[in-house]
Amino acid sequence: MFKTKTTTSLLCFLLTAVILMNPSSSSPTDNYIYAVCSPAKFSPSSGYETNLNSLLSSFVTSTAQSRYANFTVPTGKPEPTVTVYGLYQCRGDLDPTACSTCVSSAVAQVGTLCSNSYSGFLQLENCLIRYDNKSFLGVQDKTLILNKCGQAMEFNDQDALTKVSDVIGSLGSGDGPYRNGGNGNVQGVAQCSGDLSTSQCQDCLSDAIGRLKSDCGMAQGGYVYLSKCYARFSVGGSHARQTPGPNFGHEGEKDNKDDNEVGKTLAIIIGIVTLIILLVVFLAFLGKQCRKLQDEKWCK
């Protein structure tokens, strides 16, 4: 009887360890792009933390009704030490379920990435969340946060170069806060933050798309992320990809490999710690059983 229980416990222990050592991969909509966090920190259990948690909760619950929303917590007269301003936004063609999944993932990650920071800005592939103790809503900001171009195309590949030019041009000539376009295997997308006015949005997108054309117009993909808008395109891949395409430049490939290595290392560390904890629990259980059965000399 004791051997059967011990064997069963050991099998459960090993199965649990295998599951924890092999975490499932995240949804394609959740791919990390960048995070910006303030060095200034708030105190745990402060009024600001309470309001921030309320704000982040509002992000998740609002995604069923809208791909974009902004909030000020608490409402009414701002209180400098506790008021938090924030917004979330999903890609313009994302359905409510995918939007909710992406925003929920962002909310789950920002607490770790920007732990106790007064301001946090997390951009995932298909959504973003942002909060601050100072209002940024409706304020134009074209600060360059991230840009990168893929591997250069051959000069004689006129067909591909024409398609890229057409797609980037269609993004520039489009209207509205969300724009996408395609020509053959070239896909592009551009979007501005929902808190901007029509003229501010056009101004920001013109800047981002202009940078994309001048910097990456001869490349197999590229992206430009400004503080309040972005533009990107890919050759041979969906515009929903984080990287501009399967032939993205060597530097981009290196960055992705580095990110993967970090993820693998963290998974191994978490797995090892979990194994140790489970082993201690199992040995404690085994010792308890041994003490109970000492009279029968099971553990001599």
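**Close-up 1. Pro-74 sits in the loop between S2 and S3.** Let's start at the bond that leads into this proline, in what is a predicted model. The peptide bond joining Val-73 to Pro-74 is cis, with an omega of about -5°. As a rule, most peptide bonds are trans. Val-73 itself belongs to strand S2, which covers 68–73.

**Close-up 2. Ser-45 lies in the loop between S1 and H2.** Here the backbone angle phi is the thing to look for. Most residues other than glycine have a negative phi. Ser-45 is not a glycine, and yet its phi is positive, at about 65°.

**Close-up 3. Five strands line up as an open sheet in the order S1-S4-S5-S3-S2.** The pairing in this sheet is antiparallel. Strands of a sheet pair through backbone hydrogen bonds. Which strands stand at the edges? They are S1 (32–37) and S2 (68–73), and each has a single partner strand, so one side of each is left without a neighbour in the sheet. On average, neighbouring strands here are turned by 5° against each other, direction ignored. Try tracing S3 (residues 84–90) alongside S5: the two run antiparallel and are joined by 6 bridges. One pair to pick out is Cys-90 with its bridge partner in S5, Cys-127. Helix H2 lies across S2, S3 and S5, and runs at about 20° to S3.

**Close-up 4. Cys-102 and Cys-127 form a disulfide.** A disulfide is a covalent bond between the sulfur atoms of two cysteines. In this pair, the sulfur atoms are 2.2 Å apart. The torsion about the S-S bond is about -90°, so this disulfide is left-handed. The bond links distant parts of the chain, with Cys-102 in helix H3 and Cys-127 in strand S5 (residues 127–132), 25 residues apart. How many disulfides does a search of the whole structure find? The search finds 6.

**Close-up 5. Helices H2 and H3 pack against each other with their axes 8 Å apart.** Two packed helices are described by the angle between their axes and the distance between the axes. For H2 (residues 47–62) and H3 (residues 96–113), the angle is about 165°. Angles over 145 degrees count as roughly antiparallel, and H2 and H3 are therefore roughly antiparallel to each other. H2 passes H3 in a left-handed crossing. Which residues meet between the two helices? From H2 come Leu-56, Phe-59 and Val-60, while H3 brings Ser-100, Val-103, Ser-104, Val-107 and Val-110. The residues of this contact divide into 6 nonpolar and 2 polar, with no charged ones.

**Close-up 6. Another open sheet has 5 strands, in the order S6-S9-S10-S8-S7.** Its strands pair in the antiparallel sense. At the edges you will find S6 (144–149) and S7 (178–183), each pairing on one side only. From one strand to the next, the twist averages 5°. S7 and its antiparallel partner S8 (residues 186–192) pair over 6 bridges. To follow one of the matches, begin at Asn-180 and look to S8, where the bridge partner is Val-189.

**Close-up 7. Helix H4 lies across S7, S8 and S10.** This helix spans residues 158–173, and strand S10 spans 229–235. Compare the direction of H4 with that of S7: the helix runs at about 160° to this strand.

Conventions
Residues numbered from 1 in each chain as written. Predicted model: local features only at pLDDT ≥ 70, side-chain atom pairs only at ≥ 80, totals over all residues. Heavy atoms only, no water. Axes fitted to C-alpha atoms, helices over the stretch in contact; angles between N-to-C directions. Helix = DSSP H or I, 4+ residues; strand = E, 2+ residues; numbered from the N terminus. Parallel < 35°, antiparallel > 145°, perpendicular 65-115°, else oblique. Left-handed = near helix turned anticlockwise from the far one by under 90°. Contact = heavy atoms within 4.5 Å. Nonpolar A, V, L, I, M, F, W, Y, C, P; charged D, E, K, R; others polar. Pairing = 2+ DSSP bridges. Disulfide = S-S within 2.5 Å.
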